[in-house]
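Hello,

Here is the structure I promised to pass on. Please open it first, then read my notes below.

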Amino acid sequence: MFIFKSIVGKLWITIIGLVVVVLLTVGAFLFKFIETSFPKSKDQVETLSRLATKVASEISLHKEERRYLQVVNELLNAQGASVLVVTKDYELQTTPVGQGDEKRIRYDDLFTKNELAKVFAGQSVDNRSPMVAARTPLGRAYAAVAVPFMSENQAEVAGALIMYQLTQSSEVTQDYVKKLFVVVGVAGFLMTTFFAFFLLTRITQPLLNLKKAADLISEGEYGSRVPIQSSDEIGELGKTFNHMGEQLQDTIRALSHEKEHLSNVLRSMADAVVTFDPEGNVILDNPEGERIIRAWNELEWLEDDPNGTPAGRDQSEREWRRIPEPLKPLFEEVTRHPKEMTTKLHVTSEVWSVVMAPLYVQDTVRGVVAVLRNVTEEYRLEKLRKDFVANVSHELRTPLSMLHGYSEALLDDIAATPEDRQELAQVIYDESKRMGRLVHDLLDLARMENGHMELNLRELDVHSFIKRMHRKFAALSKEKGIAMTYSLPEEKLELERADEDRLEQVLTNLLDNAIRHTPAEAEISITASSTRLRGEEAVLIEVADQGYGIGAEDLPYIFERFYKADKARTRGASGGTGLGLSIVRNIVEAHQGTVQAKSQPGQGTTFSIILPRYSGKT
């Protein structure tokens with residue numbers, strides 16, 4: 001039962017047990033004392049019988065002396081006993097000492113006439129028998145003995161002498177004590193029960209309040225407090241609990257602030273921060289880290305590809321919060337040899353710098369923290385720097401070598417005829433012009449990238465501009481067997497503010513590239529149409545060729561300086577400087593426009609230029 005599991009029930013049972021033990025112990029000693037200190041009913045009756053026989057034997061000698069029985073009664077009265085004398089005709093001859101008429105005890109209160117008849121016949125009787133005691137009114141309150149007394153001549157029984165005494169036996173006392181014990185036990189049970197319910201409000205209720213407050217704190221309500229109702233130990237316990245709650249609340253608040261601060265720091269980091277447990281599960285990450293881990297786990301990694309080339313996969317095939325394949329080798333190495341390690345990973349055309357370090361609990365590695373940074377741009381710029389140096393060196397070395405060789409030939413008179421000298425001089429002139437164009441383009445591109453490009457802005461008729469550019473390159477394209485066409489809409493297209501010379505430089509570079517990389521009997525088309533850019537009216541100019549095309553891996557980098565897509569697009573001796581598309585991008589962006597290229601190998605390339613119609617701010 002629930003009550004036996006509670007403090008009140010246990011305390012109640014304990015007190016009841018103590019009361020029972022005390023009562024039983026006291027009762028045992030009391031009963032022992034009664035047995036040794038009080039006569040038993042049998043002993044009392046035997047004593048009365050001997051005394052009655054003695055008194056009866058003296059009656060015949062002092063029959064005429066009424067004073068004899070009075071003295072006997074006075075002596076017996078000190079012990080609560082008295083003597084009655086009854087004649088054979090059932091007449092009472094004496095009155096007990098100290099008894100008035102209103103409370104006089106008669107012989108028939110102690111014995112019936114049948115018992116007295118036995119006495120008159122010479123027998124002695126007593127009321128020790130329960131049946132005798134039950135037949136008389138005072139049989140249980142008094143111990144009584146009736147003995148015969150003789151006449152003066154001792155010839156016959158003259159009557160009966162009845163001696164009685166208040167019952168003082170141990171049996172009666174024990175019965176009384178038992179009844180008293182029952183009453184005391186019931187009273188003790190009731191008082192204990194009352195005391196237990198009193199404890200319910202004085203002791204257990206504060207404890208229940210403590211339990212309720214503890215449950216609330218465990219559920220996150222750290223401001224829970226218990227009311228202090230007393231200044232005893234329970235009250236002190238409540239004060240200590242409230243103090244503990246305040247300290248816990250302050251600690252939780254400080255931890256929450258620290259956690260929030262750390263979380264804000266992680267969220268504000270541009271780098272990805274991810275923490276893994278020893279099994280490789282993500283246990284903590286910032287938004288950038290979650291994005292990267294989720295994206296990398298959505299990819300299926302080819303085991304035989306040393307560069308970790310990914311292919312698409314369904315994320316539902318596996319829980320995404322697992323360490324992705326590119327990080328597994330480094331993770332295993334860090335957990336196997338706990339030390340910080342750094343590497344670079346190439347994932348989906350991006351370059352990532354990864355720093356991974358172990359997390360310790362005492363001397364045990366409990367996880368790994370990884371910091372990932374996208375260094376694609378830095379990697380690209382470093383590659384461009386190296387390529388720029390290499391390309392400039394190459395572009396300058398070739399014409400310089402030719403200038404040196406042919407000029408040395410002229411100095412050594414290797415050319416025997418004027419025609420040979422004229423040819424050598426022409427080569428020297430062409431190479432010097434090529435070097436001049438290269439230096440001019442480099443200086444021009446440097447000024448553009450530094451924001452020092454000057455634009456002569458005025459209104460431009462796109463129709464006339466496209467037709468003029470078509471006429472400019474029609475002869476060259478016809479000479480190479482390439483068909484060049486243009487397409488213009490019926491509506492008038494105008495740019496409110498544009499530098500016609502710079503835009504001519506843009507189309508010149510694009511058409512020159514298209515002619516050089518388009519085979520004979522193919523086609524180059526120039527189109528113009530209306531479109532929208534950033535929600536405003538704009539003009540779209542497209543130059544499409546049917547040349548060799550550009551691979552997808554090269555397409556994002558074709559606007560970089562000196563970038564070579566493939567062998568089919570290398571420049572010959574009369575080719576460009578390799579800076580044309582970089583200049584195109586800078587001029588278009590200076591007009592607040594955009595340029596992009598679409599291409600597939602073997603299917604040609606299309607360059608799209610979008611210029612705002614009513615803008616031209618530099």
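Glutamine 592 is partly exposed, because its relative accessible area is 32% and the partly exposed class runs between 20% and 50%. Keep in mind that this is a predicted model. Glutamine 592 sits in the loop between H14 and strand E17 (594-599), just after H14. Its phi is positive, about 65°, although the residue is not a glycine.

Tyrosine 90 also has a positive phi, of about 65°, and it is not a glycine either. Look for tyrosine 90 in the loop between strand E1 (81-87) and helix H4 (113-120). Its relative accessible area is 24%, so tyrosine 90 is partly exposed.

Back to H14. How many of its 11 residues are buried? Nine are, so H14 is largely enclosed by the rest of the structure. Among the buried ones are Leu581, Ile583, Val584, Ile587 and Val588. Gly580, Ser582, Asn586 and Ala590 are buried as well.

The loop ahead of H14 is worth a look. Glycine 551 lies in it, between strand E16 (536-545) and helix H14 (580-590). Glycine 551 counts as buried because its relative accessibility is 7%, and the cut-off is under 20%. Now find glycine 602. The two glycines are 51 residues apart in sequence. In space, their C-alpha atoms are 9.4 Å apart.

Next, aspartate 499. It lies in the loop between strand E14 (494-498) and helix H13 (500-516). Aspartate 499 is buried, yet it has no salt bridge. Which side chain of opposite charge is nearest? That is arginine 502, 4.7 Å away. A salt bridge must be within 4 Å.

What does the side chain of aspartate 499 reach instead? One partner is the backbone nitrogen of asparagine 456, which lies 2.7 Å from a polar atom of that side chain. Another is the backbone nitrogen of aspartate 501, at 3.1 Å. Leaving out residues up to four places away in sequence, aspartate 499 touches Glu454, Leu455, Asn456, Leu457 and His591.

Last, the helix pair. H12 (residues 462-479) packs against H13 at an angle of about 35°. Their axes are 11 Å apart. The crossing is right-handed. On the H12 side, the residues that meet H13 include Phe465, Met469, Phe473 and Leu476. On the H13 side, they include Leu503, Leu507, Leu511 and Ile515. Residues three or four places apart in an α-helix point the same way, because there are 3.6 residues a turn.

Best wishes

Conventions. Residues are numbered from 1 along each chain as its sequence is written. This is a predicted model: local features need pLDDT of at least 70, side-chain atom pairs count only at pLDDT 80 or more; totals for chains, interfaces and linings use all residues. Side-chain values use heavy atoms; hydrogens and water are left out. Helices (H or I, at least four residues) and strands (E, at least two) are DSSP runs, numbered from the N terminus. Buried means under 20% relative accessible area, exposed over 50%, partly exposed in between (1.4 Å probe, protein chains only). Lys and Arg count as positive and Asp and Glu as negative; His and the chain ends are not counted. A polar contact is a pair of N or O atoms within 3.5 Å; within protein, one must be able to donate a hydrogen and the other to accept it, and residues adjacent in sequence count only if both atoms are side-chain atoms. Contact means heavy atoms within 4.5 Å. Axes are lines fitted to C-alpha atoms, for helices over the stretch in contact, and angles run from 0 to 180 degrees between N-to-C directions. A crossing is left-handed if the near helix is turned anticlockwise from the far one by less than a right angle, and right-handed if clockwise.
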